[in-house]
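Me: Could you take a close look at one part of this model for me? I'd like to hear about the loops whose backbone angles stand out.

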Amino acid sequence: MNNSITLVVADDHPLLLKGLMDKLMDYNYNVIGTAENGAIALDKIMELQPTIAILDEEMPLLTGFEVIKKCKEKNIDTKFVILTSHKEKAFIYKAKKLSISGYIIKDEPFTEVHNCIQSVSKGEPYFSAVFNNVFNDEVAPQLQKIKLLSPSERTIVRLVAQGKSSKEIGEYLSLSYRTIEKHRSNIIDKLGLPKEKDVLSLWVQENMEFVL
């Protein structure tokens with residue numbers, strides 16, 4: 001019975017929120033709260049503790065991810081589904097780290113939302129094919145490469161992410177410029193990057209989420 005599954009739905013676009021609500025009602029879901037920003041969403045989830053919260057990621061005041069983080073800190077039992085347009089690997093990785101129950105792309109048919117709610121309500125996570133493809137093809141391979149780095153190499157990568165030069169990194173870690181350059185060369189090899197100027201800095205900018 002769908003009406004035994006209680007839902008809170010949050011999206012900062014009124015038309016999208018209304019459209020989603022109408023569809024959920026058509027499927028006989030019990031929507032007990034809606035929100036047009038992250039702060040209201042957080043309050044409603046804390047107060048009503050629905051079975052599932054369906055959240056847009058980009059919302060005013062608090063993002064969907066921030067709402068989920070705060071609820072998890074309070075040990076709220078609600079399961080979380082992100083409904084978003086974002087397919088970028090940084091978003092996919094953040095969602096995976098938060099151990100959410102579902103991730104659906106907005107341009108997919110409503111049946112995906114329905115399938116996700118059904119699955120999550122039975123304790124089975126549900127991610128759209130796009131989510132799984134991006135994770136398997138773009139995120140997982142990078143994580144595997146990063147695992148090859150030693151703790152000191154990871155520290156250097158984080159300092160590169162802060163825009164520090166080899167000279168500055170050497171001074172910060174009390175190591176010679178040559179030692180840092182050798183480390184950088186080893187990191188580039190382990191990450192399978194071409195030996196080109198600024199290649200590590202460019203890689204770090206594209207994969208910031210994985211290294212910080």
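Reply: Here is a walk through two loop residues, with a few words on confidence and on a charged patch.

Keep in mind that this is a predicted model. Across the chain the pLDDT averages 91, and 99% of the residues score at least 70.

Start with N28. You'll find N28 in the loop between α1 (14-26) and β2 (30-35). Phi of N28 is near 65°, a positive value, and N28 isn't a glycine. Is N28 buried or exposed? Neither, really: N28 is partly exposed, with a relative accessible area of 42%, and that label fits because partly exposed covers whatever falls between under 20% (buried) and over 50% (exposed).

Now slide along to Q49, which sits in the loop between α2 (38-48) and β3. Phi of Q49 is near 45°, so here's another positive value in a residue other than glycine. Q49 is partly exposed too, at a relative accessible area of 44%.

The strand on the far end of that loop, β3 (residues 52-55), has the highest mean pLDDT among the elements of the chain, at 96. The lowest mean, 78, belongs to helix α11 (residues 208-211). Where pLDDT is low, the predicted coordinates shouldn't be read in detail.

While you have the structure open, look at the surface as well. K69, K70, K74 and K97 form a positive patch there. One of these lysines, K97, lies in helix α4, which covers residues 89-97.

Note on methods. Residues are numbered from 1 along each chain as its sequence is written. This is a predicted model: local features need pLDDT of at least 70, side-chain atom pairs count only at pLDDT 80 or more; totals for chains, interfaces and linings use all residues. Side-chain values use heavy atoms; hydrogens and water are left out. Patches are made of residues with over 30% relative accessible area and no salt bridge: like charges are joined within 9 Å, nonpolar side chains (Val, Leu, Ile, Met, Phe, Trp, Tyr) within 5 Å. Accessible areas come from the Shrake-Rupley method with a 1.4 Å probe; for residues, only the protein chains shown count as cover. A salt bridge is a side-chain nitrogen of Lys or Arg within 4 Å of a carboxyl oxygen of Asp or Glu. Lys and Arg count as positive and Asp and Glu as negative; His and the chain ends are not counted. The place of a charge is taken as NZ of Lys, CZ of Arg, CG of Asp or CD of Glu. Helices (H or I, at least four residues) and strands (E, at least two) are DSSP runs, numbered from the N terminus. pLDDT is the predictor's confidence in each residue, from 0 to 100. Buried means under 20% relative accessible area, exposed over 50%, partly exposed in between (1.4 Å probe, protein chains only).
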